[in-house]
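Trainee: Please take me closely through the loops of this model and whatever they help to hold or to line. I would like one connected account, with the residues named as you go.

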Amino acid sequence: MRAAVLREYNSPLEIVDTMETVETGPGQVRVRIRVTGACHSDLSGMTGKLSAPAPFVPGHEGAGEILEVGEGVTSVAPGDHVIVSFMPACGSCAHCARDEGHLCMALMAGASRTPGFRLDGKPVFSFVGCGTFAEEVVLPYQSVVPVAKDVPFEIAALIGCGVTTGTGAVFNTAQVHEGSTVAIVGCGGVGIAAMMAAGLSGASQILAVDPSAAKRELVMGFGATATATPEEAEAVAAELTGGQGFDYTFEVVGRSSTVEAAYKLARRGGTVTVVGVGARDDNFQMSMGALAMQSKNVKGSVYGGADVPQQMRNLVSLWREGRLDLDAMITDRVQLEDVNKAFDLMKTGNGIRTVIEL
Ligand code: APR
Ligand code: ZN
Ligand code: ZN
């Protein structure tokens with residue numbers, strides 16, 4: 001089958017026709033991926049910024065159809081449409097016992113270090129245990145969330161990572177309340193999803209901060225009430241909030257410098273939610289003179305900070321009700337052979353999400 005493979009960090013993806021997927025074992029499912037989004041974390045894996053053993057098949061924002069289920073699997077059946085979740089909840093670890101399935105690493109840690117594919121007889125890994133840049137993947141049954149057949153695969157794919165991550169940071173981690181003020185630092189797919197959620201939560205002001213002029217124009221259609229370049233942000237914030245800063249700020253880039261920016265933009269007692277995933281050695285410093293005195297709450301948020309399958313079902317409903325414009329987030333569509341174009345587009349910062357059809 002066809003797949004895109006990263007042989008070495010910082011090289012283009014190569015399309016191969018002879019990739020093999022491992023057999024479907026007990027408790028596993030085989031999925032025919034139909035659409036996958038290109039998320040910034042894939043790029044971070046491809047440059048080695050995020051830890052991912054190479055060679056690997058990137059992709060973790062995918063949706064498709066169940067082809068086969070392994071022994072003991074009763075939650076899905078062949079033909080079902082599913083969204084891929086990259087944080088399958090094992091159901092029995094300490095996190096799962098606390099209802100923190102989105103923090104469960106029991107299955108994911110092993111899956112990202114167990115080859116999911118073979119090429120020319122050699123093992124190939126799958127990015128964060130998913131590898132959705134391949135026509136077929138084998139996953140634990142907990143990694144697939146059934147979705148109704150009338151939901152287009154491209155909408156389902158976006159919910160697979162960026163939309164759940166961005167909206168969940170607002171709904172679950174920060175819990176933005178009506179009438180509050182919000183600043184979003186970084187307006188890619190994840191930042192724009194956060195922005196839409198801030199609008200749905202009734203935020204009275206939403207400042208979008210992004211260096212890309214194209215992005216600053218685009219965000220006005222997703223609920224932003226003001227925009228700023230990173231350089232202008234502090235001055236604009238002071239003007240908009242009477243010098244106080246925002247109730248809630250979100251870092252959606254994945255760098256310590258942008259965490260600092262989001263921290264500065266928050267008001268005393270405000271909440272700073274860090275959504276971006278950065279390099280392991282990129283450290284954010286906080287002043288001991290400020291931490292307690294300013295009482296800003298710095299929170300990390302992974303995969304929307306709550307039960308992943310439940311969030312995905314809620315997001316499908318919001319999309320169905322026309323309250324979440326996921327269609328407008330798709331700015332380009334490419335076929336698998338043009339997968340590198342998706343990352344070229346990401347690097348220009350002009351589009352929001354490119355989806356890859358397989
Ligand atoms: N200040 C604000 N925005 C910035 C800055 C900056 N200094 N530098 C870059 N950006 C913007 C880019 O212009 C782009 O619009 O951040 C945005 C990043 O968007 P994408 O590349 O589409 O990334 P996305 O997929 O949204 O992911 C963002 O969230 O889940 C994590 O791992 C993911 O760390 C990544 C982050
Ligand atoms: Zn992602
Ligand atoms: Zn668990």
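Mentor: Asn10 counts as exposed because its relative accessibility is 60%, and exposed means over 50%. This is a predicted model, so that value, like those below, is computed from predicted coordinates. Asn10 sits in the loop between strand S1 (3-5) and strand S2 (14-16), and its phi is near 65°, a positive value in a residue other than glycine. Another non-glycine residue with positive phi is Ser295, where the angle is near 50°; Ser295, however, belongs to helix H10 (residues 291-295) and is partly exposed, with a relative accessible area of 39%. A further backbone feature that does fall in a loop is the cis peptide bond from Ala54 to Pro55, with omega near 0°, Pro55 being located in the loop between helix H1 (40-46) and S5.

From there the chain leads to a metal site. The zinc ion (ligand 2) is coordinated by Cys39 (SG), His60 (NE2) and Cys161 (SG), at 2.0 to 2.2 Å, and these donor residues follow the spacing C-x20-H-x100-C in sequence. Within this set, His60 in the loop between strand S5 (56-57) and strand S6 (61-69) is linked with Cys161 in the loop between helix H4 (153-160) and helix H5 (162-174), distant parts of the chain 101 residues apart. Both His60 and Cys161 are buried.

The stretch after strand S7 deserves the closest look. Here the zinc ion (ligand 3) has as its protein donors Cys90 (SG), Cys93 (SG), Cys96 (SG) and Cys104 (SG), lying 2.3 to 2.4 Å from it, and the angles of 106 to 114° among the 4 donor atoms make the site tetrahedral. The donors are spaced C-x2-C-x2-C-x7-C along the chain. Cys90, in the loop between strand S7 (81-84) and helix H2 (94-97), is thereby linked to Cys104, 14 residues away in the loop between H2 and H3. Cys104 counts as buried because its relative accessibility is 0%.

The loop between S7 and H2 also carries Phe86, and Tyr303 lies in the loop between strand S17 (297-300) and helix H11 (308-320), so their pairing ties together parts that are 217 residues apart in sequence. The two rings are stacked, at 3.8 Å centre to centre and 5° between the planes; the structure holds 4 aromatic pairs. Phe86 is buried, with a relative accessible area of 9%, and Tyr303 is buried too, at 1% relative accessibility.

Phe86 turns up again beside an enclosed space. The structure holds 1 cavity of 30 Å³ or more, with a volume of about 40 Å³, and the residues lining this cavity include Ser85, Phe86, Pro88, Met108, Ala111 and Pro140. Its lining divides into 7 nonpolar, 3 polar and no charged residues.

Ala111 and Pro140 also bring us to an open space, the second largest pocket, which has a volume of about 260 Å³. Of the 20 residues that line this pocket, those closest to its centre are Gln28, Ala111, Thr114, Val138 and Pro140. Helix H3 (106-111) and strand S10 (136-140) are the elements that give two or more residues to the lining, and H3 gives the most, with 4 residues. By class, the pocket lining has 12 nonpolar, 8 polar and no charged residues.

Terms used
Residues are numbered from 1 along each chain as its sequence is written. Chains are lettered from A and ligands numbered from 1 in the order in which they are written. This is a predicted model: local features need pLDDT of at least 70, side-chain atom pairs count only at pLDDT 80 or more; totals for chains, interfaces and linings use all residues. Side-chain values use heavy atoms; hydrogens and water are left out. On a 1 Å grid over the protein atoms alone, a cavity is a set of points where a 1.4 Å probe fits but cannot get out, and a pocket is an open set with protein on both sides within 12 Å along at least five of seven lines; lining residues have an atom within 4 Å of a point. Grid points are joined across faces, edges and corners, and a volume is the space filled by probe spheres set on the points. Ala, Val, Leu, Ile, Met, Phe, Trp, Tyr, Cys and Pro count as nonpolar, Asp, Glu, Lys and Arg as charged, and the others, Gly among them, as polar. Donors are N, O and S atoms within 2.8 Å of the metal (3.2 Å for Na, K and Ca); water is not among the atoms, so sites may look incomplete. Four donors count as tetrahedral if all angles lie between 85 and 135 degrees; four count as square planar and six as octahedral if opposite donors are over 155 degrees apart and all others between 65 and 115; anything else is irregular. Buried means under 20% relative accessible area, exposed over 50%, partly exposed in between (1.4 Å probe, protein chains only). Rings of Phe, Tyr and Trp (its six-membered ring) pair if their centres lie within 6.5 Å; planes under 30 degrees apart count as stacked, over 60 as edge-to-face and the rest as tilted.
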